[in-house]
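Take a look at the chain below. Then read on for a short tour of its fold, its sulfur links and its rings.

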Amino acid sequence: QLQLVESGGGLVQPGGSLRLSCAASGFTLDYYGIGWFRQAPGKEREGVSCISSNGIRTNYADSVKGRFTVSRDNAKNTVYLQMNSLKPEDTAVYYCAARQDPYSSSCYNWPAEYGYWGRGTQVTVSS
C-alpha cells in the first residue's frame, strides 16, 4: 500500500524553524517528484515547494523563497522541508504529495499534478 506520512509540524514562535519530513512506505521515492503544499483555514491549497525525482530541480512559492529549503534523501525514502524565519502567515496544514515521474528534472506546483497525498501536519506560528 502506497503511503506518505508527514511529520515535524508543531507550534513555533515567529522567527523560529521547523523541519517537516515526508516519509514514503510501500514504494520507493526515487522515481517520484515530490510537492509540498499547504492549506490555511478558509483558503485554497497552495503550492509551497517541489523537487524533481532526480533532485536536480527545485521550486518555491514567492512567499517562502529564501526561507524554505526542500531536499530529499532517497536512501531514507524521505523528503524534507526546512522552514526558517517562520511567520504567522505560514500557519497551515502542510501536505506532501508524490507524482510518478522517473529520471525527471521537472517540478510541479499544482495539486492536480500529484496522485498520492499524505494526511498533513499542522504548523502553527504564533507568539
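Among contacts between residues at least 6 apart in sequence, what percentage join residues at least 24 apart? In this predicted model, the share is 62%.

**Overall fold**

Start with the elements. The protein chain has eleven strands and zero helices. Read from the N terminus, the order is β-β-β-β-β-β-β-β-β-β-β. The radius of gyration is 13 Å, close to the 14 Å that the globule rule gives for 127 residues, so the chain is as compact as a globular protein of that length. Along the principal axes, the C-alpha atoms fill a box of roughly 40 × 30 × 30 Å.

Next, the surface. Of the 127 residues, 43% are buried. The chain exposes about 6,500 Å². Carbon and sulfur atoms supply 46% of that area.

**Disulfides**

How many disulfides does a search of the whole structure find? It finds two. Counting bonded cysteines along the chain, the pattern is 1-3, 2-4.

One disulfide joins cysteine 22 to cysteine 96, with the sulfur atoms 2.1 Å apart. Cysteine 22 lies in strand S3 (residues 18-25) and cysteine 96 in strand S9, so this pair ties together parts that are 74 residues apart in sequence. The torsion about the S-S bond of cysteine 22 and cysteine 96 is about 70°, so this disulfide is right-handed. Both cysteine 22 and cysteine 96 are buried.

Another disulfide joins cysteine 50 to cysteine 107, at 1.8 Å from S to S. The link of cysteine 50 and cysteine 107 is right-handed, with 130° about the S-S bond. Cysteine 50 sits in strand S5 (residues 46-51), while cysteine 107 sits in the loop between S9 and S10. They are 57 residues apart, and the pair links distant parts of the chain. Are these two cysteines, 50 and 107, buried or exposed? Both cysteine 50 and cysteine 107 are buried.

**Aromatic rings**

Now the rings. The structure holds eight aromatic pairs. Two of them are set out here.

| Pair | Centre to centre | Angle between planes | Geometry |
|---|---|---|---|
| Tyrosine 32 and tyrosine 116 | 6.1 Å | 70° | edge-to-face |
| Tyrosine 95 and tryptophan 117 | 6.5 Å | 75° | edge-to-face |

Where do these partners lie in the chain? Tyrosine 32 is in strand S4 (residues 32-39) and tyrosine 116 is in strand S10 (residues 116-117), 84 residues apart. Tyrosine 95 is in strand S9 (residues 92-100) and tryptophan 117 is in strand S10, 22 residues apart. Each pair links distant parts of the chain.

Check how well these rings are covered. Tyrosine 32 is buried, with a relative accessible area of 7%. Tyrosine 116 counts as partly exposed, at 32% relative accessibility. Tyrosine 95 counts as buried at 13%, and tryptophan 117 as partly exposed at 28%. Why does tyrosine 95 count as buried? Its relative accessibility is 13%, and buried means under 20%.

Ring pairs also build a cluster. Phe37, Tyr95, Tyr114 and Trp117 are linked in this way.

**Charges over rings**

Two arginines complete the tour. Arginine 45 lies over the face of tryptophan 117, at 4.9 Å from the ring centre. Tryptophan 117 is thus a meeting point in this account: the ring pairs with tyrosine 95 and has arginine 45 over its face. The charged end of arginine 19 sits over the ring of tyrosine 80, 4.1 Å from its centre.

Key. Residues numbered from 1 in each chain as written. Predicted model: local features only at pLDDT ≥ 70, side-chain atom pairs only at ≥ 80, totals over all residues. Heavy atoms only, no water. Phe/Tyr/Trp six-rings, centres within 6.5 Å; stacked < 30°, edge-to-face > 60°. Helix = DSSP H or I, 4+ residues; strand = E, 2+ residues; numbered from the N terminus. Buried < 20%, exposed > 50% of the residue type's maximum accessible area, 1.4 Å probe, protein only. Lys NZ or Arg CZ within 6 Å of the ring centre and 35° of its normal. Rg over C-alpha atoms; globule rule 2.2 N^0.38 Å. Contact = heavy atoms within 4.5 Å. Areas by Shrake-Rupley, 256 points an atom, 1.4 Å probe, with all protein chains shown as cover. Disulfide = S-S within 2.5 Å.
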